[in-house]
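Me: I am new to this structure and should be grateful for a close look at one part of it, the site of the ligand. Please describe where the ligand lies and what surrounds it.

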Amino acid sequence: MNIMYHSTRGGDPDTTASRAILAGLASDGGLYVPDFIPAFDLPLTSLADMDYRAVAYEVMSRFLTDYTADELHYCIDHAYDSKFDTEEIAHLHEADGAFYLELFHGKTIAFKDMALSILPYLMTTAAKKNHIGEKIVILTATSGDTGKAAMAGFADVPGTEIIVFYPKDGVSPVQERMMVTQTGENTHVVAIRGNFDDAQTGVKKIFGDEKMAEDLLKAGFRFSSANSINIGRLVPQIAYYFYSYASLLRSGKITAGDVINITVPTGNFGNILAAHYAKKMGLPVGRLICASNSNNVLTDFFRTGIYDRNREFFLTSSPSMDILVSSNLERLICESTEGDVKKTAALMKSLRETGRYEITDAMRRNMSDFYGGCADENEVFEEIRRLYKKSGYVIDPHTAVASAVYHKYTEETGDPAPTVIASTASPYKFTRNVLAALDPKYESFSDDEQFDALAEVSGVAIPAAIRQLRSAKVRHNTVVAIPEMEQSVRDILHI
Ligand SMILES: *Cc1c(COP(=O)(O)O)cnc(C)c1O
């Protein structure tokens, strides 16, 4: 069955998956959503015999219906290969009764690699099949992990340029170092004096600027986005939730049909939305536990039906979740209105103009499988320490937010369902905070000493991404003010 995509705001004609992936954002500022969520029409028991690539194919082919089987296999085989440091691609680790789905075995040791390893293939294949002649310019705002993962994916991919904006003081030292040392002639990194929301708003503005679009086209370029607003990011992420179920089946922890819960440390709402789509496809999932750090807009939203970004913004130890405007929530909003794109557009207008909106009771009922919870900095550090003492397993601060909220949820509800916790970053990406949580004695250690200490404590070898940093040269050092973002794009592209 053919699936078409439409904008959440209704101002754009229906389009194919490959065209939606090329466009990134719909021209009316909305996000592309599928006309319906396809069913996973194979028996669940068949999952147990599939490797990651097979699961990815079965899931993605249901959504990306205008890609041929050959095209999809080409994309999947090139994405999920030996650039991951485990053959499983996404390993499920049991600790203290929960199942941590390690999504950080790719090039940049964070979960963004899961989708950004394949997006360049999906996008260049889409350009070819739609006879697009222009060079694709990936324009991306990052809270730390997306930018690096996108650059690693797109570096030296013919026919593409990639420009990444990040908040100068809003990313971890390792995250920043990984970005400014990125190689590849087509990669460009710009720091902005502002926070992630400023970067994201700035990028959206450049996307929507008509003069810019005109000048781009004249110069032979077209924009696309590697942010999780791109449906080509979301669809590959659905696969690993099916894969986690497959792992549980294989290890005999569950039998086919058993209901599991999924807990996701959430920022832009892409990862948990993928879990929701997995559920809608037919994966037996009970609650979707949406875990936030101190920037707990979503917790309040799920508890009250009011989304309100007018609040203090905190820089936390989980910077990839320091977000007040979770873009992908728009897709859930649209779904909860049962496809009322006018209503969705009105709510998003209210968000732009007043920073808040309120949804109806009927809409709230349509999202009742979500549970919102949050953990503050003390609780995050305590959770890293607690889990390590209990099980010897070391988790990063983002994963710890999810782990802490999962415990709050089970205490509150007594829900005994087996739970998969999305483990979104390697502790090595946030070594300083992780070690600080374990023991204050590490504070005086140098960066290199800390990596060695973490290797000893966790029993996990230092990943290649970190080893390479030790000798990598800084290649990018531009810093601009927020109003200068557009000009820096023009400078980079010489337009
Ligand atoms: C991006 C990111 C998140 C948040 O994921 P969303 O899809 O934006 O909700 C959580 N943890 C880490 C480590 C990330 O990089």
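Reply: In this predicted model, the ligand sits in the largest cavity. The structure holds 4 cavities of 30 Å³ or more, and the largest of them contains about 250 Å³ of space. Its lining is formed by 25 residues, and those nearest the centre of the cavity are F111, K112, G267, N268 and S320. Three elements each contribute two or more residues to this lining, namely α6 (145-154), α10 (231-250) and α11 (270-281). By character, the lining residues comprise 14 polar, 8 nonpolar and 3 charged.

The surroundings of the ligand itself may be considered next. A shell of 15 residues surrounds the ligand, with K112, D145, G267, N268 and T424 the closest. Of the residues in this shell, 8 are polar, 5 are nonpolar and 2 are charged. K112, G267 and N268 thus appear both among the closest residues to the ligand and among those nearest the centre of the cavity.

Several polar atoms of the protein face oxygen atoms of the ligand. In the side chain of D145, an N or O atom is 2.5 Å from a ligand oxygen. F269 takes part through its backbone, where an N or O atom lies 3.0 Å from an oxygen atom of the ligand. S320, one of the residues nearest the centre of the cavity, places a polar side-chain atom 3.5 Å from a ligand oxygen. As for exposure, the ligand taken alone exposes 380 Å², and the protein buries 98% of that area.

Conventions
Residues numbered from 1 in each chain as written. Predicted model: local features only at pLDDT ≥ 70, side-chain atom pairs only at ≥ 80, totals over all residues. Heavy atoms only, no water. Near = heavy atom within 4 Å. Polar contact = N/O pair within 3.5 Å; in protein donor to acceptor, adjacent residues only side chain to side chain. Areas by Shrake-Rupley, 256 points an atom, 1.4 Å probe, with all protein chains shown as cover. 1 Å grid on protein atoms, 1.4 Å probe; cavity = no way out; pocket = protein on both sides within 12 Å on 5 of 7 lines; lining within 4 Å. Sits in = over half its atoms within 2 Å of the grid points. Nonpolar A, V, L, I, M, F, W, Y, C, P; charged D, E, K, R; others polar. Points joined across faces, edges and corners; volume = space filled by probe spheres on them. Helix = DSSP H or I, 4+ residues; strand = E, 2+ residues; numbered from the N terminus.
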